[in-house]
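Student: I'm new to this structure and would like a close look at one part of it, the pockets and the helices around them. Could you walk me through that slowly?

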Amino acid sequence: AGFYPNSITYISVLKACGFMRCLEIGENIHVEIKCQGLLEKDVMLGTALVDMYSRCGAIVKAEEVFEELPERTVVSWSVLIAGYTQVGLGDKALKCFMQMKDAGVCPNALTYVSVLKACAILRSLEAGKDICLEVTKQGLLEKDVMVGNALVDMYCKCGALEKAQELFERLPMRDVVSWNALISGYAQNGFGDESLKCFKQMKGAGVFPSAVTYVSILKACGMVGCLEIGEDIVSEIREQGLLEKDVLIGNALVGMYSKCGM
């Protein structure tokens with residue numbers, strides 16, 4: 001039709017490539033962008049490329065594009081840090097976070113969520129505590145539920161359950177992700193009774209469980225040998241048709257029945 005893509009077109013289609021993990025198409029678009037010299041002119045386009053490569057697991061390519069960016073914004077840095085955490089490179093994510101701050105770029109909520117995930121991957125409680133102080137100083141705990149959830153999850157993964165509970169209680173809003181972080185944290189650290197108690201409180205607060213909730217709570221039931229509660233949860237799962245949709249729930253059910261001697 002005689003129409004040619006512009007930066008906005010490329011940004012949109014790169015997002016689609018990242019979402020669909022279409023690395024080959026993304027690489028072809030990268031070539032087009034280079035041929036047109038757009039990368040030197042548009043930092044948002046460069047950031048979209050970093051994001052696409054990160055989501056496709058091509059972290060080395062993401063690093064290469066990042067290094068070529070004429071200017072690096074908080075979004076550029078955050079996308080690369082998120083990319084490292086997505087492929088389990090927590091140490092690189094933390095290093096990148098420090099480089100970002102050394103460059104005088106102030107982190108935003110997205111940055112903190114990603115770098116807290118990195119701390120959780122590394123079980124680095126000290127680094128997590130430092131980031132918690134920054135988040136608290138900026139008032140982000142009260143403003144952003146995703147940051148609050150990431151903090152609760154980080155403390156749980158680092159085994160600091162008292163701190164996780166304390167932060168959870170400070171959250172101004174608790175969604176299913178908030179509750180899941182705590183329920184899962186207790187179950188993963190061997191506190192099945194606490195996990196079950198938390199599950200009961202969650203339902204009492206009118207928050208509807210997700211598949212992640214059920215996987216964690218079935219683990220807790222198996223841990224404490226509580227078949228009666230487990231059977232009630234199985235009824236909920238069947239009513240929602242989740243057994244046919246989610247293999248992790250199926251596996252958790254098998255595990256729960258095995259541990260309960262059934």
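Student: Which helix gives the most to the lining of the largest pocket?

Tutor: That would be α3, which supplies seven residues of the lining. Keep in mind as we go that this is a predicted model.

Let's stay with that pocket for a bit. The space in the largest pocket comes to about 380 Å³, and 19 residues line it. If you want to find its centre, look for D51, R55, V75, V79 and L110, the lining residues that lie nearest to that point. Four elements give two or more residues to this lining: α1 (7-20), α3 (43-55), α5 (74-86) and α7 (109-122). As for the kinds of residue on the walls, nine are nonpolar, six are polar and four are charged.

Two of those helices, α5 and α7, also pack against each other, so to speak, side by side: their axes come within 9 Å and cross at roughly 25°. With that angle, α5 counts as roughly parallel to α7. The crossing of the two is left-handed. On the α5 side, the contact is made by V74, S78, I81, A82 and T85. On the α7 side, you'll find L110, T111, S114, V115, K117, A118 and I121. Sorted by class, this contact of α5 with α7 has seven nonpolar, four polar and one charged residues. Notice L110 here: this residue of α7 touches α5, and it is also among the residues nearest the centre of the largest pocket.

K117 of α7 leads us on to the next pocket. K117 is part of the contact with α5, and it is also one of the residues closest to the centre of the second largest pocket, along with N149, D153, V177 and A181. About 290 Å³ of space lies in this second largest pocket, and 13 residues line it. At least two lining residues come from each of α7, α10, α12 (176-188) and α14 (211-224). Here α10 gives the most, with five residues. The lining is made up of six nonpolar, four polar and three charged residues.

Now follow α10 away from that pocket to a helix it packs with. Helix α10 (residues 145-157) meets helix α8 (residues 125-137) at an angle of about 155°, and their axes are 10 Å apart. That angle makes α8 roughly antiparallel to α10. Their crossing is left-handed. From α8, the contact takes in L125, G128, K129, C132 and V135, while α10 brings V147, L151, M154 and Y155. By class, that is seven nonpolar residues, one polar and one charged.

Helix α8 has another packing contact, with helix α6 (residues 90-102): these two sit at an angle of about 40°, with their axes 13 Å apart. This time the angle makes α6 oblique to α8, and the crossing of α6 and α8 is again described as left-handed. L94, F97 and K101 of α6 meet A127, I131 and E134 of α8. Four of these contact residues are nonpolar, none is polar and two are charged.

To put the path together: α3 leads the lining of the largest pocket, α7 gives residues to that lining and also to the lining of the second largest pocket, and α10 goes from the second largest pocket to its packing with α8.

Conventions:
Residues numbered from 1 in each chain as written. Predicted model: local features only at pLDDT ≥ 70, side-chain atom pairs only at ≥ 80, totals over all residues. Heavy atoms only, no water. Axes fitted to C-alpha atoms, helices over the stretch in contact; angles between N-to-C directions. Parallel < 35°, antiparallel > 145°, perpendicular 65-115°, else oblique. Left-handed = near helix turned anticlockwise from the far one by under 90°. Contact = heavy atoms within 4.5 Å. Nonpolar A, V, L, I, M, F, W, Y, C, P; charged D, E, K, R; others polar. 1 Å grid on protein atoms, 1.4 Å probe; cavity = no way out; pocket = protein on both sides within 12 Å on 5 of 7 lines; lining within 4 Å. Points joined across faces, edges and corners; volume = space filled by probe spheres on them.
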